Structures are given as C-alpha cells and as structure tokens.
Amino acid sequence: MKQYKFKMHGLDCANCANTLENKLSHKKEFKSVKVSFATATLTVETDLDPKLVKQKLELEIHKVEPEVTLHEKPKITIMMMRILLASLFFLGGIVWNHSLLLLGISYLVIGYDILWKSLKNIIKGHVFDEFFLMSIATIGAFAIGEYPEGVAVMLFFQIGEYVQKQAVNRSRQSITELVDMKSSYANLVVQHITKKVDPDVLKVGDQIICKPGEKIPADGIIIDGKSTIDSSMLTGESVLRAVTIQDRVLSGCVNVSGLLRIEVEKTAADSMASTILNLIEHATEKKAHTERFITRFAKLYTPVVVFLAVMICLIPTLFGASFSEYFYKALVFLVISCPCALVISIPLGFFSGIGAASRAGILMKGSDALEMLPQIDTIVFDKTGTLTCGKFAVTAVAVAEHGEVSIEALVEMAAQVESGSTHPIAASILDYYGGEIDHDNIHHYQEYSGKGVAAEVGVDYIMVGNQKWMKEKQILVPDAKHAGTIVYVARNDQYIGYLAIADQIKPGVKEMISTLKEWGLQHLVVVSGDHVKQVEQVCHQIGITKYHASVLPDQKAAIVEKLMEHQTVMFVGDGINDALVLTTASLGVSMGGIGSDAAIEASDVVIMNDDVTKLISAIQIATHTKRIIWFNILFALLVKGVILLCGVLGFTTIWLAVFADVGVTLLTILNTLRIHKRA
C-alpha cells in the first residue's frame with residue numbers, strides 16, 4: 001500500500017471537495033482518500049500499479065467533477081479562451097441584426113458545460129441549483145426570441161464563475177505557499193558519510209547536516225555550528241534569528257548563513273512543518289455558523305424561487321394575461337434570484353480570512369474560529385510562556401547599606417558560587433554577569449536543596465540563597481524593595497546585598513492589554529500555577545486586576561467553565577498543562593513555537609511565533625472578515641430584493657436582472673478580496 005499526492009486544478013468549491021472525497025472513498029481500489037480544498041491536493045493510499053493510479057483517479061474524478069483535473073493549470077486557461085471567443089460571436093450577433101446563428105454559437109461555446117451539468121444533476125435528482133436556474137432562464141429567453149438576453153445571462157454568469165475561481169486561487173496561494181516549507185531532502189550523517197535521503201526516513205537521534213540556503217528538514221537540537229535562520233514561513237515574521245549549539249530549530253525554517261549539525265528530535269510525521277500542514281489542510285472543514293446557514297438557506301431558497309417563477313407565469317395567464325409577457329417576467333425573476341452572490345462570497349470570505357491570518361503567522365483551524373473571535377467578551381491568559389518569556393532574568397541588584405561591596409563585585413561573587421549549579425536561577429545570574437569564571441579559585445562547593453548554594457571563593461566564604469536560609473544561619477537580611485525571587489548574598493556570614501530575579505514580561509504585552517480594553521474587552525483574567533506574589537506583580541505591570549494563582553490544570557478548566565456560564569471565553573496558553581483548558585474554552589489559542597503538541601492540537605487558533613500580541617492582528621482580521629461577509633449578505637439581499645420587486649411589477653429587463661445576479665456576485669467577490677489587505 002503506497003501513498004500518492006496530486007495537485008488538483010479546477011477545485012474551486014469546498015462542497016465539491018467534500019463530494020469528491022466521499023465518492024472516491026467508496027471505491028474499493030483506494031484505501032484512504034483525502035481531498036483538501038485549502039491546498040487543492042488529493043492524497044490517496046492504494047495498492048494499484050503506480051502507472052495506473054493517476055489514470056484511475058482521473059477517470060473517477062471526471063464522473064463526479066468533470067472540470068477538476070490532476071494537471072497543472074495552463075498559462076491561458078480554456079475558460080478564458082471560451083469567454084473571449086463567445087464574446088466575439090456575441091458582439092458579431094448584435095452587430096449583424098441579432099443573428100440567431102452567431103448568437104447561438106456564442107451561447108453554445110460559453111454555456112455547453114452549464115447545460116450538461118444541469119442535465120446530469122437533474123438525472124441524479126439534484127434539480128434546484130444555480131446551473132438549473134441559468135439553463136432554464138437562458139433557454140426560456142431563446143424560446144421567446146430574446147436571443148441577446150439569453151446569451152448575455154450565460155456569458156456574464158461564466159465571467160462571474162471565472163472571477164470567483166481566480167479569487168479562490170488568490171486566497172489559496174497565501175495558504176499553499178506554506179506547503180513549500182517542507183524540505184524535499186535531508187543530509188543524513190551515517191558513519192561520517194553524508195548522504196541525501198527523504199526526510200520521511202529520519203528517526204529520532206539521527207544526525208543531519210543543514211547547509212546555508214537549505215530548509216531544515218526536521219525538528220531538532222543543534223549539536224555543532226552556529227547560524228541565522230529565517231522562520232518567516234512558520235511565523236510570518238521576516239526577522240532573522242541567531243542560533244547556536246543547544247538551540248532548538250524547527251522544520252520549515254531556512255538556514256541562512258552557517259553550517260549546522262542537528263540531532264533529530266521528531267520524525268517528519270511529527271515535525272512542526274507536518275503539524276502546520278495538517279492543520280491547514282483541515283482548516284476549511286470546520287464551517288462557521290453563517291456559512292452553514294447560507295448553505296442550508298440556498299437549498300431551500302432555490303426551489304421556492306422556481307415555484308414563485310412558475311406562479312408569476314401561470315396565475316396571470318389563467319386570468320387572460322399575455323403568456324409571453326409573464327413568461328418573460330418569470331425568466332427575469334429566475335435570473336435575479338440566483339443565490340450565487342451569497343453561496344460564493346461567504347465561503348470565499350472565510351477562506352480569504354484564513355489565508356490572510358496564515359500570512360501573518362496565525363493559523364485558524366476553521367471558519368468557526370474566525371467567526372468566534374469577534375464574539376469574545378472574556379480572555380483568560382496563562383502567565384508563564386504566554387504573557388511572560390518563561391525565562392528567569394536578573395531585574396535588580398541592591399548592595400547592603402554602608403557596605404563596602406560594589407554592585408559589580410556582588411554580581412561576580414554570586415556568579416562564581418552559582419557556576420556549580422544547573423538551576424534556572426543560577427543560569428540567570430551567570431547570564432547577567434556575562435564574564436569568565438575562574439573555577440580554580442572556587443573550592444568546597446555545596447548545594448542546599450530549597451535554600452541556596454555556598455562555596456569558598458579565594459579566602460572568602462560566600463553564601464547565595466533565600467531569606468529563610470539566611471535567617472537559619474543567623475544572618476540579618478532586610479526585606480527586599482524589589483519584586484520577584486530574591487537571592488541574598490552573604491560574605492563570611494555578613495549580608496552584603498541581593499539580586500532580584502523574575503520572569504520577564506514579553507514585549508508589547510502591556511500595550512496589547514491596553515488595546516483590548518479600548519475595544520471594550522474589560523473581562524481580562526490571568527490564571528497561573530505560580531505563587532500569588534509573582535502573578536500579582538505581572539498583573540500589576542500589565543494592567544490586569546483579576547487573577548488566580550497557584551492553580552492546577554483541572555482548576556484552570558473549572559475557572560473557565562464558571563466564566564462560560566455567562567460569557568464567551570477565550571483561553572490563551574502554551575504548555576501541555578493547558579491542553580485541557582484550551583479544549584474547555586469557547587475558543588482556545590496556543591503558542592506554536594514553544595507550545596506543546598498537545599496544546600497546539602487542543603487549540604482553535606495557533607500563534608506560530610509565540611508573540612501573544614498577535615491576538616490583536618487575529619481579532620482585527622476576524623472582525624474585518626466578518627464585516628465584509630455581512631456587508632455582502634445585506635448588499636446582495638437588498639439589491640436582489642429591490643430588483644425582484646421591480647421585476648414582478650414589470651419595470652425590469654433581463655439585462656438588469658443580469659446585473660442583479662452576476663453584477664452583485666462580482667461586486668461581493670471584489671469586496672471579499674479586501675480581506676487580504678489585513679495581513
């Protein structure tokens with residue numbers, strides 16, 4: 001059983017993708033079938049002869065969706081040529097005294113596929129769709145001698161369909177560009193020899209070489225070399241990042257400058273690139289409430305419209321009115337009432353919104369997430385790794401009053417003693433010091449669990465630890481004036497100063513909170529497993545007044561559930577302990593770079609560069625998308641409603657009906673394309 005993946009052309013409708021997947025899945029030759037509308041790809045598992053796979057697939061696809069092929073898109077599409085040719089015959093027919101021959105040729109050139117689709121759907125029992133409406137309206141126009149109108153309706157309908165396909169392709173491009181993040185090969189090191197292999201064969205623990213200009217083929221840890229990497233494909237940010245030994249790198253990033261030797265941490269199937277592509281390919285499956293409603297609306301709307309058109313024609317003629325006059329009015333009614341503007345522009349709007357967010361490094365797992373974002377009235381934040389960097393840093397240094405030790409000397413002594421510890425606090429002090437450590441000058445190092453460390457540095461005995469330990473040793477220390485974890489330093493049993501260490505708040509968080517409040521989001525809450533003082537300090541600095549500290553993962557979920565009794569709640573988190581609450585919330589947002597796989601899987605929105613301030617962009621894109629979609633709905637209904645009324649009263653021609661249908665469809669599609677400007 002082998003897996004094959006094909007690029008599809010002509011797949012311009014999410015419902016068509018679902019129909020195609022269902023039909024192919026029922027064929028015994030194919031073990032599993034996945035059709036992705038978002039990336040226009042077909043993935044299939046089969047044990048057929050490789051030479052026959054594409055041929056068999058094309059045969060089955062043609063039965064369901066004749067316009068969908070497994071070939072690359074030609075430079076000049078057949079549809080574009082048909083539109084040009086039909087337009088020439090149409091203009092010729094108008095000039096030559098409404099020539100039935102020329103207008104008939106134009107009609108057949110541009111409309112033969114619509115007529116064929118309508119006929120096939122009628123045979124299958126799917127009568128009421130836009131193809132049926134276009135067919136009956138145009139054939140009816142020819143039947144009563146309105147040849148130019150009949151051709152015009154079909155021609156402009158096809159132009160509208162063509163513009164729609166180009167709009168879908170433009171929206172898809174921003175998403176499918178991410179597919180290129182996967183490297184096509186890896187340089188595997190085997191017994192000091194490097195050979196080029198498929199990334200899919202890499203195992204955890206393998207060592208690979210990544211040269212400048214190459215894409216990193218698998219998630220891993222750098223074990224040799226240093227470089228700068230371009231992570232824009234993952235994060236949407238163009239800023240290069242410096243990396244060196246022990247740094248983690250993700251598949252999909254581009255190695256820009258140096259040679260890197262990387263130890264593989266995850267297989268290709270579990271890598272970040274594969275995770276992202278999987279999320280993208282499933283994004284269009286989760287439909288928004290508005291999108292589902294319009295789909296159901298169209299199914300009921302079309303039969304009602306056809307019934308009303310029949311009544312408009314029959315009832316007046318039963319009372320002696322002219323049949324041809326009211327048959328014409330019925331045709332006008334059919335053309336006007338075609339629901340294309342709604343059926344096309346709304347899914348396209350959500351699709352465009354997902355694409356715009358993807359370009360900004362924000363992955364929306366579906367239209368439902370995009371629709372939910374503007375409805376949020378409460379945001380619950382995790383603290384560590386979400387609002388803060390998740391890394392300790394020295395934030396303040398204070399020396400004892402009347403002491404003889406300078407700040408520089410205090411930091412150096414603390415760093416020398418802490419150089420023997422692997423604790424994160426020790427690492428933060430060493431980072432802050434930044435100098436060389438003379439280990440030959442350090443003797444009798446001892447670590448006291450939960451208290452601190454001590455060692456002889458030269459002729460002095462230096463202790464570095466918490467206040468409780470100092471008091472145990474009868475060393476008088478003052479209460480610190482700075483917030484955070486306080487590390488006291490004593491020399492020869494005499495207090496000489498302290499260092500304040502805290503997790504740093506991410507850049508822009510305070511401004512983000514201020515913006516959210518300006519938008520009316522006053523219900524902002526922090527929940528954290530950290531101590532009250534640390535949580536209180538962070539909340540005070542960023543401007544949040546409500547918080548819950550020292551809470552366990554299940555308690556986080558309980559807090560969110562309580563809030564959801566009266567509010568629509570978004571939870572923003574990163575770690576594996578956030579997976580439960582991400583699933584519980586109305587909308588879950590996770591950090592994609594440092595976030596665990598479980599958190600990414602459980603969330604509805606993934607921020608790929610861990611920049612929580614991108615929530616602002618996500619909400620702006622979602623709000624902009626929602627406004628455009630609702631404008632399209634109201635605009636289409638208003639214009640169609642007015643012209644429908646005029647049509648019933650006899651003030652409208654088929655030409656005006658064409659504008660009401662195709663014109664409104666084109667305008668809503670063009671309006672939808674404005675969504676791309678938000679990314």
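This is a short tour of a predicted model, with a selection to make at each stop.

**Stop 1: the open sheet**

Start by selecting residues 388-399, which are strand S15, and residues 442-448, which are strand S16. These are the edge strands, and each pairs on one side only. Now show what lies between them: the six strands form an open sheet in the order S15-S20-S19-S18-S17-S16, with antiparallel pairing. Look along the sheet and you can follow its twist, which averages 20° from one strand to the next.

Next, zoom in on residues 485-491 (S19) and 494-505 (S20). How many bridges join S19 to S20? There are seven, and the two strands run antiparallel. For one of the pairs, click on Arg491: its bridge partner in S20 is Gln494.

Keep the sheet on screen and add residues 424-433, helix H14. H14 packs on the sheet and touches S15, S19 and S20. The direction of this helix makes about 65° with that of S15.

**Stop 2: a pair of helices**

Move on to residues 100-124 (H4) and 130-143 (H5). Their axes are 9 Å apart, and the helices pack at an angle of about 145°. The crossing of H4 and H5 is left-handed.

Turn on side chains to see who meets whom. From H4, pick residues including Leu103, Tyr107, Ile114 and Asn121; from H5, the residues they face include Phe131, Met134, Ile139 and Phe142. Sorted by class, the contact has eleven nonpolar, four polar and one charged residues.

**Stop 3: Asp198**

Select Asp198, in the loop between strand S5 (193-197) and strand S6 (207-210). Is Asp198 buried, partly exposed or exposed? Its relative accessibility is 41%, so Asp198 counts as partly exposed. Its side chain reaches the backbone nitrogen of Asp200 at 2.8 Å. Now add Tyr185, which is 13 residues away from Asp198 in sequence, while their C-alpha atoms are 4.8 Å apart in space.

**Stop 4: Asn255**

Finish at Asn255, in strand S11 (residues 254-255). Asn255 counts as buried because its relative accessible area is 0%. Draw two distances from its side chain: one to the backbone oxygen of Cys210, at 2.9 Å, and one to the side chain of Ser227, a polar contact at 2.5 Å. To fill in the surroundings, show the residues that Asn255 touches beyond four places away in sequence, among them Lys211, Pro212, Glu214, Thr228, Ile229 and Leu260.

How values were computed:
Residues numbered from 1 in each chain as written. Predicted model: local features only at pLDDT ≥ 70, side-chain atom pairs only at ≥ 80, totals over all residues. Heavy atoms only, no water. Pairing = 2+ DSSP bridges. Helix = DSSP H or I, 4+ residues; strand = E, 2+ residues; numbered from the N terminus. Axes fitted to C-alpha atoms, helices over the stretch in contact; angles between N-to-C directions. Contact = heavy atoms within 4.5 Å. Left-handed = near helix turned anticlockwise from the far one by under 90°. Nonpolar A, V, L, I, M, F, W, Y, C, P; charged D, E, K, R; others polar. Buried < 20%, exposed > 50% of the residue type's maximum accessible area, 1.4 Å probe, protein only. Polar contact = N/O pair within 3.5 Å; in protein donor to acceptor, adjacent residues only side chain to side chain.
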